[in-house]
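Me: I'm new to reading protein models. Could you walk me through one, feature by feature?

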Amino acid sequence: MRTLLRCMTQVHGDAEMKVPAPVSHRYDRFSVGLHWLMAVMLLAQLVLGIWMTGLPKDAGGVRAAWFNLHKSIGMLLGMLVLVRLAWAVLRPRVIEFPLPRTQHALAIANHRLLYLLMLMAPVSGFLGSMYSGYPIRFFGMKLPQLAERWDSAKAFFSIMHEVSVYAMLVLIAAHVLAFAYHQVVLKDGLIRRMR
Ligand code: HEM
Ligand code: HEM
């Protein structure tokens, strides 16, 4: 209890004091590294996905090349989120940031849903591509064909992919807006936990 109170005074105290948060109140190095690496990769992947679907179909292999790159980065992101989820369970517990009850619940819901969508996006993308009948390449390496072409399954997973990536965009926007509110309005140094 005393530790928690000490933490609250440090985090809620005058922002100008710039008191460094104790280690246990921050995410560990590995979590921080994965958070920023995946943030950059996910944003690039979202932009790439939206851009590539607008490419003309008769572009002499250009469209296929970008689709292959998208699939490769997507599968890599799928592997990274598995590592991140496993580490989120195993890592030392991070003491919760003191927030009013509703804001705390919203932050937790945002993080959990982001994890769910970080998982749903690569899985639906992979399954949709698997049922498309085209071979999937991982950075040039042809993967074994796991299923025959099946148009209804392809259509189902394409919709699931679309829903998950656009929902992810909305939640990322909410996440970044919440961060901006802490940084600019509350000035409570929340970012120090993820640095
Ligand atoms: C400019 C972009 C971003 C900023 C400034 C930012 C900032 C932060 C901060 C300050 C935290 C710590 C919150 C706390 O301690 O309660 C956090 C946690 C988190 N962020 Fe971000 N974030 C960004 C992008 C993203 C993106 C793109 C994703 C994933 C789609 C993401 C997913 C998460 C998750 C899941 C957590 C919970 C901690 C964890 O388990 O890793 N963030 N973020
Ligand atoms: C976190 C990972 C991923 C993200 C954020 C992502 C994002 C996107 C976005 C934004 C689009 C455009 C959606 C639209 O407007 O139709 C898209 C389309 C697409 N993505 Fe992904 N993607 C991911 C992983 C994957 C994976 C792993 C594959 C396949 C192995 C894949 C295959 C496709 C395909 C084939 C399309 C074209 C639309 C369709 O046929 O469904 N994606 N993706």
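Me: Where do I start, and what average pLDDT does the protein have?

Reply: Start with confidence, since this is a predicted model. The average pLDDT of the protein is 90, and 87% of the residues score at least 70. Residues 1–17 are another story: pLDDT is below 50 there. That stretch still has 17 contacts in the model beyond near neighbours in sequence. Where pLDDT is low, though, predicted coordinates shouldn't be read in detail.

Me: Okay, on to the fold. How many helices and strands does the protein have?

Reply: Count the elements, then read their order. You'll find 5 helices and 2 strands, and from the N terminus they go α-α-α-α-β-β-α. Next, ask how far apart in sequence the contacting residues are. Among contacts in the protein with a separation of 6 or more, 71% join residues 24 or more positions apart.

Me: What does UniProt add about residues 34–53?

Reply: With a record, check what it says and then look at the model. The unreviewed UniProt entry puts "transmembrane region" at residues 34–53, 73–92, 113–134 and 165–186. In the model, residues 34–53 are 95% helix and 0% strand, with their end C-alpha atoms 28 Å apart. For residues 113–134 you get 82% helix and 0% strand, and the end C-alpha atoms are 31 Å apart.

Me: What share of the 195 residues is buried, and which residues form the largest nonpolar core?

Reply: For burial, take the overall share and then look for clusters. Buried residues are 13% of the 195 in the protein. The largest nonpolar core has 8 residues: L42, L77, V81, L117, M118, A121, V165 and M168. Two or more of these come from each of α3, α4 and α5, and α4 provides the largest share, with 3 residues. Try zooming in on V81: apart from neighbours within four places in sequence, V81 is in contact with M118 and L119.

Me: Now the ligands. Which residues are closest to ligand 2?

Reply: Look at who surrounds the ligand, then at which elements they come from. Ligand 2 has 24 residues around it, the closest being G49, K71, G74, G125 and S158. The elements giving two or more residues to that shell are α2 (29–52), α3 (62–90), α4 (101–130) and α5 (151–186). The top contributor is α3, with 7 residues. Sorted by class, the shell around ligand 2 has 11 nonpolar, 11 polar and 2 charged residues.

Me: And which element gives the most to the shell around ligand 1?

Reply: Same approach here. The element giving the most is α4, with 5 residues, while α2, α4 and α5 each supply at least two. In total 19 residues surround ligand 1, and the closest are A39, H111, F179, R193 and M194. By class, this shell has 14 nonpolar, 4 polar and 1 charged residues.

Me: Last one: what is there to notice about the phi of F139?

Reply: When you scan backbone angles, pick out positive phi values in residues other than glycine. F139 is such a case, with phi near 45°. You'll find F139 in the loop between β1 (137–138) and β2 (141–142). F139 has 11 other C-beta atoms within 10 Å, so F139 counts as exposed. K187 has a positive phi too, near 50°, and sits in the segment after α5. K187 is exposed because 11 other C-beta atoms lie within 10 Å, and the cut-off for exposed is 12 or fewer.

Note on methods: Residues numbered from 1 in each chain as written. Chains lettered and ligands numbered in written order. Predicted model: local features only at pLDDT ≥ 70, side-chain atom pairs only at ≥ 80, totals over all residues. Helix = DSSP H or I, 4+ residues; strand = E, 2+ residues; numbered from the N terminus. Buried ≥ 20, exposed ≤ 12 C-beta atoms within 10 Å, placed from the backbone. Contact = placed C-beta atoms within 7 Å. Near = placed C-beta within 6 Å. Nonpolar A, V, L, I, M, F, W, Y, C, P; charged D, E, K, R; others polar. pLDDT = per-residue confidence, 0-100. UniProt positions renumbered as here; feature names shortened; annotations may be inferred. Core = buried A, V, L, I, M, F, W, Y, C linked by C-beta atoms within 7 Å.
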